[in-house]
Amino acid sequence: MTDPAALPLARFKVLDLTRVRAGPTAVRQLADWGADVIKIESPPAIEQGEGLGGPRHGFDFQNLHRNKRSMTLNLKAPEGLAIFRKLVETADVVVENYRPDVKFRLGVDYETLRAINPRIILGSISGFGQDGPYRDRPGFDQIAQGMGGLMSITGLPGQGPVRVGIPVADLTAGIFCAMGILVALLEREVSGQGQWVKSSLLQAQIAMLDFQAARWLMAGEVPKQAGNDHPTSIPTGVFETADGHINIAATGGGIYKRFCEAIGAPELATHPDYATSAERSKNRKALNAAIAAITRTQPSRHWIDLLNQAGVPTGPIYSIDEVFADPQVEHLKMAQPVDHPVLGPQKVVGQAVELSRTPSVMRSGSPEQGADTDAILRGLGYGEAEIAALRAKNAI
């Protein structure tokens with residue numbers, strides 16, 4: 001077991017005010033690398049609202065909130081806010097994903113926090129940005145997918161808009177925010193000053209359009225739905241086999257030629273309708289039909305082995321249970337074991353980044369509500385009688 005103090009972010013304290021998904025995703029990046037994360041939740045007597053994002057002992061909450069401590073704190077009570085500000089004095093990062101105006105009403109906005117601790121970094125995630133005409137709109141992943149253009153390029157041609165099967169705007173806004181926080185921590189080593197790090201679902205979704213956005217910005221092309229075909233790299237897509245479907249990516253002259261030879265159809269490489277990238281794009285449907293007529297003659301495993309040996313990227317199309325049964329996925333340890341104080345041994349999704357000396361570690365399951373409140377307060381100098389009084393007032 002790795003010593004928690006040896007983890008790369010162990011020297012940083014993070015106050016987690018986040019809810020639902022985008023914010024917890026950002027904090028999870030910090031927690032998994034060893035940051036001391038205090039998840040601040042409402043006391044049991046206070047309505048929890050939509051903050052959990054699902055049952056506490058459910059798979060979603062457990063996957064999002066591992067490696068944290070939990071403290072209950074009523075920020076609307078003067079005593080609760082005073083405790084929070086005391087925590088800020090020695091914290092490095094605060095992360096929140098309230099609507100933009102809420103932090104000001106609660107008194108946890110950046111200017112207020114900076115007056116307490118000039119080194120503090122505030123990470124904020126919103127639906128549409130901290131200012132601008134849509135500042136006060138409620139944010140939701142699917143709304144960002146639509147406004148960010150993703151639903152217009154997802155799905156089969158003519159199908160109408162289609163959402164992606166994961167909350168991609170939430171997740172990437174969280175990851176981008178975490179990256180911004182890490183940059184701010186690095187910059188603070190030089191300046192000694194904290195700063196406000198901002199991300200939003202809309203910004204993250206547009207950034208994730210990547211080359212599809214650049215097609216419009218630089219070439220004036222409005223991308224359309226392409227279904228399972230790659231919009232510009234042809235032939236790349238889903239092809240039927242004798243027992244299912246596979247993905248084949250045979251883009252580029254060299255790979256395409258090797259592909260044609262491997263499937264026993266070298267004539268497709270020299271056929272005037274398919275010999276160049278431009279012609280393959282123009283005649284995509286006919287080329288895909290010719291390829292599918294061949295791939296249907298053998299099972300998926302035959303083509304996956306044959307084409308990969310020929311240097312042509314090819315892979316299966318798994319259901320989620322099949323993903324985690326794959327030997328390469330098992331080798332990468334993407335299902336990480338963790339012990340939960342109530343649920344017992346569990347598995348959560350591992351990090352997608354590996355560090356050779358200081359890897360991420362699943363140190364603990366998600367905390368029970370307020371499990372660490374008393375210990376944290378004692379660390380701040382509160383006595384047992386003071387803690388009991390705070391609890392009686394529903395301040396903690």
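**Exercise 1.** In this predicted model, decide whether Trp196 is buried, exposed or partly exposed.

*Solution.* Begin with the relative accessible area of Trp196, which is 25%. Next, recall the cut-offs: buried means under 20% and exposed means over 50%, with partly exposed in between. Trp196 is therefore partly exposed.

**Exercise 2.** Work out how the rings of Tyr110 and Trp196 are arranged, and which parts of the chain they tie together.

*Solution.* A search of the whole structure gives two aromatic pairs. For Tyr110 and Trp196, the ring centres are 6.4 Å apart and the planes meet at 20°. Planes under 30 degrees apart count as stacked, so this pair is stacked. Now place the two residues: Tyr110 belongs to helix α5 (residues 110-116), while Trp196 belongs to strand β6 (residues 196-200). The pair therefore ties together parts that are 86 residues apart in sequence. To finish, check the cover on Tyr110: with a relative accessible area of 8%, Tyr110 is buried.

**Exercise 3.** Classify the pair formed by the rings of Phe128 and Tyr134, then find the surface patch that Tyr134 helps to make.

*Solution.* Here the ring centres of Phe128 and Tyr134 lie 6.1 Å apart, with their planes at 80°. Planes over 60 degrees apart count as edge-to-face, so that is the label for this pair. Then look at each partner: Phe128 is buried at a relative accessible area of 11%, whereas Tyr134 is partly exposed at 34%. Tyr134 joins Phe140, Ile143 and Met147 in a nonpolar surface patch of about 390 Å². Of these patch members, Met147 sits in helix α6 (residues 141-147) and is partly exposed, with a relative accessible area of 36%.

**Exercise 4.** Trace the strand pairings of β2 and explain why β2 is described as largely enclosed.

*Solution.* Start with strand β1 (residues 13-16), which pairs with β2 in the parallel sense over four bridges. Within this pairing, Lys13 is opposite Asp36 of β2. Follow the chain from β1 to β2: the path goes through helix α1 (residues 22-32), giving a right-handed β-α-β crossover. Then turn to strand β3 (residues 69-72), which also pairs with β2 in the parallel sense, over four bridges. There, Lys39 has Ser70 of β3 as its bridge partner. Lastly, consider burial: β2 (residues 36-41) has six residues, five of them buried, so the strand is largely enclosed by the rest of the structure.

Key: Residues numbered from 1 in each chain as written. Predicted model: local features only at pLDDT ≥ 70, side-chain atom pairs only at ≥ 80, totals over all residues. Heavy atoms only, no water. Buried < 20%, exposed > 50% of the residue type's maximum accessible area, 1.4 Å probe, protein only. Pairing = 2+ DSSP bridges. Right-handed = clockwise from strand over helix to strand, strands pointing away. Patch = residues over 30% accessible without salt bridge, like charges linked within 9 Å, V, L, I, M, F, W, Y side chains within 5 Å. Areas by Shrake-Rupley, 256 points an atom, 1.4 Å probe, with all protein chains shown as cover. Salt bridge = Lys/Arg side-chain N within 4 Å of Asp/Glu carboxyl O. Phe/Tyr/Trp six-rings, centres within 6.5 Å; stacked < 30°, edge-to-face > 60°.
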